[in-house]
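The following exercises concern strand pairing, burial and backbone geometry. Each task is followed by a solution in steps.

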There are 2 protein chains.
Amino acid sequence: VTTAPRLDISLADRTAAVLTVGTELTTGMVADTNASEISAALTAASLEVVRTSSVPDDVDAVSVAIDSLAADAALLVVTGGLGPTDDDLTREGASRALGLALVRDDAVARRLEALLGVHREEEARRRLMRQAEVLETATVLPAVRGSAPGMVAPTERGALVLLPGPPHEMRPLLAHVVAAVEIPGPSPRVLSCAGITESDALAVARRALTPHAQIRLTMLAAPGGVRVVLFADPGSEEALESAAADVAAALGDACYATDGSSLAEVVLRAAADRGASLGLAESCTGGLVAAELTAVPGASAVFKGSVVAYADALKRDVLGVDEAVLAEHGAVSEAVALEMAQGALTVTGATHALAITGVAGPGGGSEEKPVGTVWFAVAGEGGESTLGRSIPGDRGLVRTRATSTGLHLLFRMLGVAHDGA
Amino acid sequence: VTTAPRLDISLADRTAAVLTVGTELTTGMVADTNASEISAALTAASLEVVRTSSVPDDVDAVSVAIDSLAADAALLVVTGGLGPTDDDLTREGASRALGLALVRDDAVARRLEALLGVHREEEARRRLMRQAEVLETATVLPAVRGSAPGMVAPTERGALVLLPGPPHEMRPLLAHVVAAVEIPGPSPRVLSCAGITESDALAVARRALTPHAQIRLTMLAAPGGVRVVLFADPGSEEALESAAADVAAALGDACYATDGSSLAEVVLRAAADRGASLGLAESCTGGLVAAELTAVPGASAVFKGSVVAYADALKRDVLGVDEAVLAEHGAVSEAVALEMAQGALTVTGATHALAITGVAGPGGGSEEKPVGTVWFAVAGEGGESTLGRSIPGDRGLVRTRATSTGLHLLFRMLGVAHDGA
């Protein structure tokens with residue numbers, strides 16, 4: 001076990017930039033989740049991300065990018081290219097950009113020797129040991145997972161942070177760095193909303209902010225919902241707090257979180273709070289709702305399971321949807337959604353269930369039920385309710401939006417039932 | 001209906017860059033799927049993406065980024081910030097960077113007038129009409145979906161392409177642009193693999209390439225698998241073809257696609273080819289496998305459904321796993337995986353079924369069955385088979401890797417059964 005070093009990162013201002021290194025990113029073979037994850041963490045820490053960039057595994061490209069981004073922002077976070085292989089060139093690129101030599105860090109070298117274990121080939125040893133080369137003025141962040149350490153080096157405007165690329169190796173080191181960054185002024189307040197359009201949320205928030213002239217407002221729209229972000233200058237902590245409370249009250253149950261939680265997290269928490277358990281019956285979302293819920297650690301305490309009833313035979317045989325109801329109303333209908341939800345209660349043994357059935361497209365639409373027609377139903381101790389929506393967008397968007405609309409319906413049912421209990 | 005204009009995009013060289021514009025990206029609120037999707041499309045068109053960047057909705061930031069990226073690369077593709085709202089500033093940023101005036105395009109304006117329909121407020125009209133402002137030398141790409149047109153403007157080294165940000169609006173315009181780019185030389189060959197480590201795939205590919213000295217090799221690793229990419233110089237089309245065939249043969253059934261198809265797509269196609277249908281029983285992947293399969297349009301022709309049996313009671317009551325087997329072996333075991341697969345056959349009525357049960361973490365591990373222990377089983381007309389794996393990584397990685405390992409097992413079962421038929 002290694003202890004993390006004390007870090008003291010002082011920045012000239014709040015600007016930040018992110019550079020992700022890897023040919024797998026610039027060829028689009030791998031989605032760059034690090035850039036958005038790091039940007040979100042920096043934004044939550046009140047930094048302003050002015051630019052993110054990706055470059056291939058090329059020492060010139062890395063060096064040029066570090067040079068220009070370190071001039072653009074006080075804090076530059078770089079991920080990737082710190083591993084043992086010959087195309088891991090971020091160390092060399094940073095060395096060239098900052099004019100700092102690479103030196104062997106003895107503590108890291110000893111740790112790598114211990115890791116080396118049975119790998120005794122000279123070639124493997126040489127590669128692994130590349131990871132002990134650090135920038136001469138850098139503070140080393142020992143690896144929490146994996147073998148590549150991170151490092152923090154001072155720059156003219158602030159700091160350069162190098163982190164390994166694999167997200168599970170990057171994450172603990174990033175958390176340590178973010179905790180060490182000292183920023184004046186209050187953190188932005190983020191109100192996460194679903195079941196409301198961006199323009200409606202904007203109108204509601206503007207009205208609620210009328211008495212709060214000094215609070216600034218930004219809207220962030222995503223397929224699954226909208227986030228209302230409130231900013232204030234240093235010294236306005238209380239004003240921001242009061243404005244956030246007013247906006248949250250005005251948004252009502254469209255606002256599902258003020259702490260950055262995902263919709264799946266708040267649904268699971270609401271269910272746990274009232275001793276409920278959850279079951280699903282999914283058709284057009286095809287497992288996405290279950291996948292969202294089970295992405296949350298500990299979901300098994302509340303979530304029982306889902307019947308992904310893609311074929312009508314499963315709706316009938318497993319969920320017990322009436323053959324006649326299917327024939328009369330069609331699989332995409334309020335009546336079938338409701339019977340699916342009731343079936344999910346029976347099959348999963350949960351106290352509350354959500355069912356979704358719709359036309360995700362591109363095929364399968366009709367004049368009466370065009371692509372994007374989706375029916376939702378919830379059933380359980382709080383009663384039953386249904387919702388019909390016409391969701392614009394392609395197959396992926398219809399599925400994503402249906403997933404968040406369904407989770408939001410479940411959230412409201414659990415909340416309402418809870419208030420009434 | 002509007003016809004797409006003839007485009008002729010000639011570039012000084014093969015370099016390309018991508019700029020995505022939006023505060024929702026630089027704050028990490030929304031994952032930047034456009035950057036990787038566009039990078040992949042450009043790479044597939046034989047362009048070399050030398051840099052991707054994201055900047056917030058800020059006219060200075062957009063202008064500076066376009067200026068520097070247009071110097072870095074012959075083709076610069078920019079998405080986002082072309083909509084009607086006041087923070088859509090990409091037009092103004094491009095105008096400033098290239099020193100080109102914005103002028104009203106009458107054809108676009110007429111189309112927007114027609115779209116305006118019932119929105120008669122002056123304010124809404126003014127906003128919508130901002131989208132008719134185009135760079136003076138640009139070729140306009142009429143919107144295929146949505147209202148924002150794209151544009152292509154000449155730069156010193158090649159071209160600047162502006163596309164709307166919503167992926168379903170961006171996609172058809174990007175396809176039109178990519179088709180118009182003329183690049184000499186053969187496209188790289190991409191061999192998509194699963195069920196093999198990066199280093200094993202590299203060793204196999206190197207060996208197979210021994211007689212093909214002029215072919216260059218890159219490996220791209222992702223959580224779900226590995227891609228072997230082969231490049232050749234102009235004029236070496238046949239040599240590349242023959243090398244790709246040799247490498248694919250050496251990789252055997254670890255190589256599941258040579259045309260960029262996803263694992264879910266090839267599984268669905270293999271099943272359709274042999275008249276099979278598919279069912280699932282998922283525990284630790286919690287719906288991810290079903291979500292992957294149903295993300296493919298037309299999945300319903302083959303995919304019947306999934307039982308996401310998160311709670312052991314569902315494994316027993318819905319899938320029919322023997323209580324005694326559960327008690328003796330535990331839910332994460334070969335015996336339970338096999339009974340789950342058999343249960344999935346019965347419940348879904350499919351000809352082939354896959355079952356996955358494992359410990360995704362962070363909790364739930366034990367000395368005997370640590371986090372990452374996953375059992376897979378397939379059952380159906382081709383017989384039965386099981387696989388145990390110890391998957392490294394955090395909860396998200398274990399689930400993603402288990403999803404691709406499971407799909408690959410299904411792919412192999414369908415292929416083997418097919419060959420034997």
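**Exercise 1.** In this predicted model, determine how many bridges join strand 15 of chain B to strand 16 of chain B, and whether the two run parallel or antiparallel.

*Solution.* Step 1: strand 16 of chain B covers residues 373-380, and seven bridges join it to strand 15 of chain B. Step 2: these two strands run antiparallel. Step 3: as a point of register, B:G358 stands opposite B:V374 in strand 16 of chain B.

**Exercise 2.** Determine how strand 13 of chain B runs relative to strand 15 of chain B, and by how many bridges they are joined.

*Solution.* Step 1: strand 13 of chain B comprises residues 278-282, and five bridges link it to strand 15 of chain B. Step 2: the two run parallel. Step 3: in this pairing, B:L280 is placed opposite B:L354 of strand 15 of chain B.

**Exercise 3.** Assign the residues of strand 15 of chain B to the two directions in which they point, and state whether they are buried or exposed.

*Solution.* Step 1: in a regular strand, side chains alternate between the two faces of the sheet. Step 2: B:H352, B:L354, B:I356 and B:G358 point one way, while B:A353, B:A355 and B:T357 point the other way. Step 3: a residue counts as buried when its relative accessible area is under 20%. Step 4: seven of the seven residues in strand 15 (352-358) of chain B are buried, on both sides of the strand.

**Exercise 4.** Locate the cis peptide bond that precedes A:P362 and the one that precedes B:P362.

*Solution.* Step 1: most peptide bonds are trans. Step 2: in chain A, the bond from A:G361 to A:P362 is cis, its omega being near 0°. Step 3: A:P362 belongs to the loop between strand 15 (352-358) and strand 16 (373-380) of chain A. Step 4: in chain B, B:G361 and B:P362 are joined by a cis peptide bond with omega about 0°. Step 5: B:P362 lies in the loop between strand 15 and strand 16 of chain B.

**Exercise 5.** What is the sign of phi at A:S46 and at B:S46, and is each residue buried or exposed?

*Solution.* Step 1: most residues other than glycine have a negative phi. Step 2: A:S46, not a glycine, has a positive phi of about 75°, and phi of B:S46 is likewise positive, near 75°. Step 3: A:S46 sits in the loop between helix 2 (33-44) and strand 2 (48-55) of chain A; B:S46 is in the loop between helix 2 (33-44) and strand 2 (48-55) of chain B. Step 4: A:S46 is buried because its relative accessible area is 5%, and B:S46 counts as buried at 7% relative accessibility.

Conventions: Residues numbered from 1 in each chain as written. Chains lettered and ligands numbered in written order. Predicted model: local features only at pLDDT ≥ 70, side-chain atom pairs only at ≥ 80, totals over all residues. Heavy atoms only, no water. Buried < 20%, exposed > 50% of the residue type's maximum accessible area, 1.4 Å probe, protein only. Helix = DSSP H or I, 4+ residues; strand = E, 2+ residues; numbered from the N terminus. Pairing = 2+ DSSP bridges.
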